[in-house]
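This report describes a predicted model with attention to a sheet, a contact between chains and a pair of packed helices. Please keep the structure in view while reading.

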Amino acid sequence: MATAIDQKHCHSGVTVTHAISHDDVILSTENLTKHFGALTAINGVNLRIGPGVHSIIGPNGAGKTTLFNLLTGFLAPDSGHVSYRGERISGLPPYAISQRGVARSFQITSIFAELSVFENVRVAVQSRLKASYNFLISHRSLKDVERKTAEILSRVGLENWADTTAKNLPYGLQRCLDIGISLATDPSLVLLDEPTSGVSREDTTNILQLIAAISRRLPVVLIEHNIDIVLSISDMITVLYQGVVLAEGPPAQVRDDERVQEAYLGGY
Amino acid sequence: MTENTSSRSRAILIGALLAMAVLFPHIAPYQALASEVLIFALFAVSYDLVLGYAGMLSFGHAAFFGLGAYGTGIFLVKMYPSVPLGLLTGLAVSTLAALFVGYASIRRRGIYFTMVTLAFAQMFYFIAFKWTGLTGGDDGLQGVPRPQLGPLDLGPEINLYYFVLVLVAVSVALIFRVVNSPFGKTLQALRENHNRAMSIGYDVDRFRLIAFIISGFFSGLAGGLYALLLHFVPLSALHWSTSGEVVVMSITGGMGTLVGPILGAVAIILLRDVISNYTESWNLVMGAIFMAAVLGFRGGIMGLLKWRR
C-alpha cells in the first residue's frame with residue numbers, strides 16, 4: 001500500500017509534508033484543537049488519512065487517545081474539525097459516526113463482558129439494521145446477521161470460542177474480539193487504539209497478522225507504543241508530542257528524524 | 001438436537017407453570033390473593049425489562065403502576081363502566097407518563113437517573129394526594145366497579161382471577177419476546193457496555209427510552225388490574241414504597257431473568273400474607289429476607305436454582 005503514498009518535500013524547510021493524492025484521503029482533520037482546562041491535549045492537528053496503515057505514535061500524554069476520541073465523536077473539538085469522505089463529522093455523536101463507517105477499538109479492552117463471544121459480534125453486525133429497533137420478532141430470525149457473525153469470528157480466529165462468555169476469554173483473545181466487534185460494523189475505516197497492549201508475544205504476532213489482513217481491505221489508523229511494530233507495519237507514521245504533530249512520513253524517514261528521537265528519549 | 005430438547009423442555013416448563021397458574025386460586029389462602037400475586041408478577045416482569053435488561057435502576061415505577069390504576073379506576077367510576085376501555089385509559093395514561101418521565105431522565109446515569117425517576121414519581125404522588133376531587137386524595141379512589149365483560153361476569157373473584165391470568169400470561173409472553181428480539185439483545189449489550197454500544201452505532205438513549213416506555217406500559221396494565229381487583233385505588237399505589245417493593249421482588253427473584261422476578265413476586269406476596277398473620281412488623285422479616293438475598297445469594301432465587309443444578 002506504500003505506493004499510494006506520494007512523497008513531496010515542502011520547500012519551506014519547516015515541515016515536511018507527505019501528501020496522499022487527494023482522492024485517496026478518507027478522513028482528514030483541520031486545525032483540530034482540544035483543551036482540558038489549562039492543558040491543550042490536541043493543538044492544531046492536521047491529519048490526512050489514506051489507504052494502508054497509518055500509525056499515530058508519541059510518548060505518554062501526547063494526545064493519541066484524545067485524538068481518537070475526537071475522530072469518533074466521544075469528544076467534541078474546541079476548534080477545528082474532522083472530515084470523513086468530504087462530510088464534516090465533528091460534533092456528531094459517536095453512534096452517528098459509526099453509522100457512517102468509522103469503527104474503533106479501545107485502549108482498555110471494551111467488550112460486552114457477560115455476553116457470549118458470538119453475541120458480542122452478532123449485536124455489532126445487527127447494528128447496521130433498522131431491525132435493531134424491532135421488539136416483536138425473534139433475534140434468531142435475522143439469518144444474514146448470524147451468517148455474517150460466523151464469518152467475522154473466523155476472520156479474527158475466534159470461531160471455536162463462539163459460546164464462551166466474553167469475560168472468560170484469555171486476554172489476548174479478548175483483544176481480538178474487540179477488533180472483531182469493530183469489523184462487524186462493516187466499516188470503511190478502522191481505528192485501533194493499542195491493540196497489542198499487555199498482550200503476550202505470541203498473541204501480538206497474531207494480532208499484527210490480523211491488522212495486516214485488515215489493512216489490505218480497509219484503511220487502518222493505529223495507535224501503538226512498540227516502535228518496532230510501528231516501523232514494520234506502517235505505511236505512514238504521525239508523531240504526536242504534547243498535542244502537536246512533531247513529524248510525519250513513512251517509517252524510514254520518521255525513524256531518522258532527530259526531533260522524534262529527542263522526543264522519545266526525552267519523553268522517557 | 002440440543003435446540004429441540006431445549007425447546008421441548010421449555011414447552012414442558014411453560015405447560016407446568018400454566019397448569020399451576022390455573023390451579024393456584026384453589027390452593028391459595030384466598031382467591032383475591034392469587035390475583036394479587038399475578039398482578040405483582042406482571043409488574044415485576046415489566047420492571048425487570050428496565051432494571052435487569054437495560055440496567056437502569058428506576059426508583060419511580062410506582063408512578064406507572066399507580067397511574068395505570070388511577071386511569072382505569074377514574075374512567076370506570078366517573079366516565080363509563082367498561083373494563084376494556086378502562087384498562088386502555090390506564091394504559092394510555094401510564095405509557096404517556098413513561099414517555100414523559102423517560103424523556104426527562106434517560107440522559108442521566110446511575111444514581112442521578114434513579115433520583116430523577118424518584119422525583120417524578122413523588123410529584124405524581126402529591127398531585128394524586130392533593131387533587132381530592134378526581135382521585136379521592138388520601139382516602140383513595142372508592143367504588144371502582146367491575147362491569148360485566150360480554151358474557152363474562154367479573155364479579156366473582158375466581159372469574160376475575162382467570163381474566164387477570166389471561167392478560168398476565170399474554171403480557172409476560174410478549175415481554176419474553178421483547179427481551180429475545182433484536183431490540184432486547186441490543187438492550188443487553190448497552191447494559192454491559194454503554195460506550196461500546198455507542199461506538200458500534202447504537203443510539204443508546206433512544207433504546208433506553210423505548211425500553212422505559214414498554215416497561216411503563218405493562219406496569220400500567222398491572223396497575224389497572226389492581227384497581228379492578230381491589231374495587232378501589234389506594235393512594236399507596238403511587239407511594240415510593242411501591243417502587244421499592246418492585247425493586248425488592250426483582251432482586252430477590254433474580255433480575256435479568258424474567259422468571260426470577262415472577263418467583264420474587266410470588267414469594268414476597270405470599271410470605272407477606274403469611275407473616276402478617278403472626279406479626280405486624282412483617283416488614284422487618286421481609287427486610288431480613290431481602291438482605292439475605294443481596295448478601296447471601298446474589299442472583300436471587302434464580303441464582304440459587306441454577307447453582308443447585
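## The sheet of chain A

Within strand β8(A), Ile223(A) is the bridge partner of Asp193(A). This pair belongs to a wider pattern: strand β7 (residues 189-193) and strand β8 (residues 220-223) of chain A run parallel and are joined by 4 bridges.

Both strands take part in an open sheet of 6 strands in chain A, with the order β6-β7-β8-β3-β9-β10 and mixed pairing. At the edges of the sheet stand β6 (102-104) and β10 (244-249) of chain A; each has a single partner strand, so one side of each is left without a neighbour in the sheet. From one strand to the next, the twist averages 20°.

A helix also lies across this sheet. Helix α6 (residues 201-217) of chain A crosses β3 (53-57), β7 and β8 of chain A, and it runs at about 150° to β8(A).

The chain as a whole can now be described. Chain A contains 9 helices and 10 strands. Of its 268 residues, 47% are buried. Among the contacts in chain A with a separation of 6 or more, 65% are between residues 24 or more positions apart.

## The contact between the chains

Chain A contributes 29 residues to the contact and chain B contributes 22 residues. On the side of chain B that touches chain A, at least two residues come from each of α7 (157-179), α8 (182-192) and α9 (194-199) of chain B. The most is given by α8(B), with 8 residues. By type, the residues on this side of chain B are 8 nonpolar, 9 polar and 5 charged.

## Two packed helices in chain B

Two packed helices are described by the angle between their axes and the distance between the axes. The table lists the two helices considered here.

| Helix | Residues |
|---|---|
| α2(B) | 31-53 |
| α12(B) | 259-275 |

The axes of α2(B) and α12(B) come within 8 Å and cross at roughly 140°. The two helices are therefore oblique to each other. The crossing in which α2(B) passes α12(B) is right-handed.

Which residues of α2(B) and α12(B) meet? From α2(B) they include Leu33(B), Val37(B), Phe40(B) and Ala44(B), while those from α12(B) include Ile262(B), Ala265(B), Val266(B) and Ile269(B). The residues of this contact divide into 13 nonpolar, 1 polar and 3 charged. Among the residues that meet are also Glu36(B) and Asp48(B) in α2(B), and Asp273(B) in α12(B).

Conventions: Residues numbered from 1 in each chain as written. Chains lettered and ligands numbered in written order. Predicted model: local features only at pLDDT ≥ 70, side-chain atom pairs only at ≥ 80, totals over all residues. Buried ≥ 20, exposed ≤ 12 C-beta atoms within 10 Å, placed from the backbone. Contact = placed C-beta atoms within 7 Å. Pairing = 2+ DSSP bridges. Axes fitted to C-alpha atoms, helices over the stretch in contact; angles between N-to-C directions. Nonpolar A, V, L, I, M, F, W, Y, C, P; charged D, E, K, R; others polar. Parallel < 35°, antiparallel > 145°, perpendicular 65-115°, else oblique. Left-handed = near helix turned anticlockwise from the far one by under 90°.
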